[in-house]
Amino acid sequence: MDPALRHLLELDRQHVWHPYATMPAAMPPVVVESAQGARLRLADGRELIDGMASWWAVIHGYRHPELDAAITRQLSRMAHVMFGGITHEPAVLLARELVELAPEPLSVVFFADSGSVAMEVAMKMAFQYWMGRGRPEKCRLVALRGGYHGDTLGAMSVCDPENGMHAHFARILPQHLFVPRPAVPWGAPWDDQAMAALEEVLARHGSEIAALVLEPVVQGAGGMYFYHPQFLRAARRLCDAFDVLLIADEIATGFGRTGRMFACEHAGISPDIMAVGKALTGGYLTLGAVLATAAVAQGVNAGGPGCLMHGPTFMANPLACAVARASLELVRQGGWRQAVSRMEALLREGLAPCQDLPHVAEVRVLGGIGVVELTAPVHMAVIQPALVHAGVWVRPFGRLVYVMPPYVISEEDLVHLCQAVVAVVAAHPPA
Ligand SMILES: *Cc1c(COP(=O)(O)O)cnc(C)c1O
């Protein structure tokens, strides 16, 4: 290994704490030097096909000329300015453009600094809404098992209580209510019985529940599970019947990943509060946004503290807003529709051979998401280097080997990505 590279890895080992990792990390990370389109270039000269879009975010690929230009233009004006008492064009126009894309009647936007923070804000909005409506006792949430909503304390409290982090933080987290993950998977025949658990919880606890929190149609990091959109339609009706707000976490699903602009559109419903992040900036900078209805805003204003009690230092960062606007412009041009449906077909075909492996429980594909669920957890120390050796960047977790590539991935690269996943999964049955 090149001495400079060895030195860098040694410093990383000494000083850098990686996500969900021991310190120092159990395995050395790969060093990425640059990236272009759907390819990562490693410091040792190798190139990997990117199957992760950097955790759902880089939908238009790395170093997109229009996104690069937007951020450079904004940099020549200002990188940042505080948002209290100040506004700026990138934020105002981005808010309007988000509202235009989002389902009606979402009409107001609060900018947050990441997905997790967007979820914190969404939940605070719901609590404050009921304070304003004179019902402060509505301060619990109901969430779906198998969900994932972020890593901060409030977001953690609505993640799956078993495979999330509840077990470890039970003493610290607020105690919310959970219903089983939607029983009818995507593509299976609908059964009204699937609503019974939610209806029962709402009937019993509705008077103390502020909101139902869910990821529409696709549960991401909590298990990569796709469910029947009828669940969403029925959940929307139940929320209305029991005076409970609906918070849709579209942080992973937003901006086309599931084949619709927002996953809520599969059910033709609109939430009261919707959180977006991840692909919002095309994966260039961290930015989240919470969209809400005018009714939610009026409720928040009407009582309790009387204004939304949140305001991050880097709220509506102009560089992030500018690049988000450029990303939304590409989204509006609509090329993603064809790209995602082509990805869906190729993923379905490419990952199908996994179905015949004895240690594969299920292969499922929706939009630009392909999932191979194994019968037991993967052995990361073996499978991660094997994937890199096969020329692809895929980051499995638990029993899941899954991909959600940038929309711009070429057909050739996508075929290669699937072949690599099939070969590596076949060669490395979990212990
Ligand atoms: C990633 C994710 C979050 C958290 O976003 P961060 O930017 O990592 O804080 C929340 N909800 C969902 C559905 C996500 O996929």
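Which residue is the bridge partner of I49 in β15? In this predicted model, the partner is V392. The pairing to which these two residues belong joins β3 to strand β15 (residues 392–393) in the parallel sense, over 2 bridges.

**Strands β2 and β3**

Strand β3 (residues 47–50) also pairs with strand β2 (residues 39–42), here in the antiparallel sense and over 3 bridges. Within this pairing, L40 stands opposite L48 in β3. The hairpin of β2 and β3 has 4 residues between the strands, and G45 takes a positive phi near 95° there.

**The sheet β13-β14-β16**

Another part of the model holds an open sheet of 3 strands, in the order β13-β14-β16, with antiparallel pairing. Its edge strands are β13 (360–366) and β16, each of which pairs on one side only. On average, and with direction ignored, neighbouring strands of this sheet are turned by 10° against each other.

The strands β13 and β14 run antiparallel and are joined by 6 bridges; V360 has L374 as its bridge partner in β14. On the other pairing, strand β14 (residues 369–374) meets β16 in the antiparallel sense over 4 bridges, and E373 has L400 as its bridge partner in β16.

In a regular strand, side chains alternate between the two faces of the sheet. Strand β16 (residues 400–403) is covered on both faces: L400 and Y402 are buried on one side, and V401 and V403 are buried on the other. L400 is thus both a buried residue of β16 and the bridge partner of E373.

**The ligand site**

The residues around the ligand are S114, G115, S116, Y148, H149, G150, E215, D249, I251, A252 and K278. This shell divides into 3 nonpolar, 5 polar and 3 charged residues. Polar contacts of the ligand include those listed below.

| Ligand atom | Protein partner | Distance |
|---|---|---|
| Oxygen | G115, polar backbone atom | 2.9 Å |
| Nitrogen | D249, side-chain N or O atom | 2.6 Å |
| Oxygen | K278, side-chain N or O atom | 2.5 Å |

Taken alone, the ligand exposes 380 Å², and the protein buries 83% of that area. The tabulated partners comprise a backbone atom of G115, together with side-chain atoms of D249 and K278.

Terms used
Residues numbered from 1 in each chain as written. Predicted model: local features only at pLDDT ≥ 70, side-chain atom pairs only at ≥ 80, totals over all residues. Heavy atoms only, no water. Buried < 20%, exposed > 50% of the residue type's maximum accessible area, 1.4 Å probe, protein only. Pairing = 2+ DSSP bridges. Near = heavy atom within 4 Å. Polar contact = N/O pair within 3.5 Å; in protein donor to acceptor, adjacent residues only side chain to side chain. Areas by Shrake-Rupley, 256 points an atom, 1.4 Å probe, with all protein chains shown as cover. Nonpolar A, V, L, I, M, F, W, Y, C, P; charged D, E, K, R; others polar. Axes fitted to C-alpha atoms, helices over the stretch in contact; angles between N-to-C directions.
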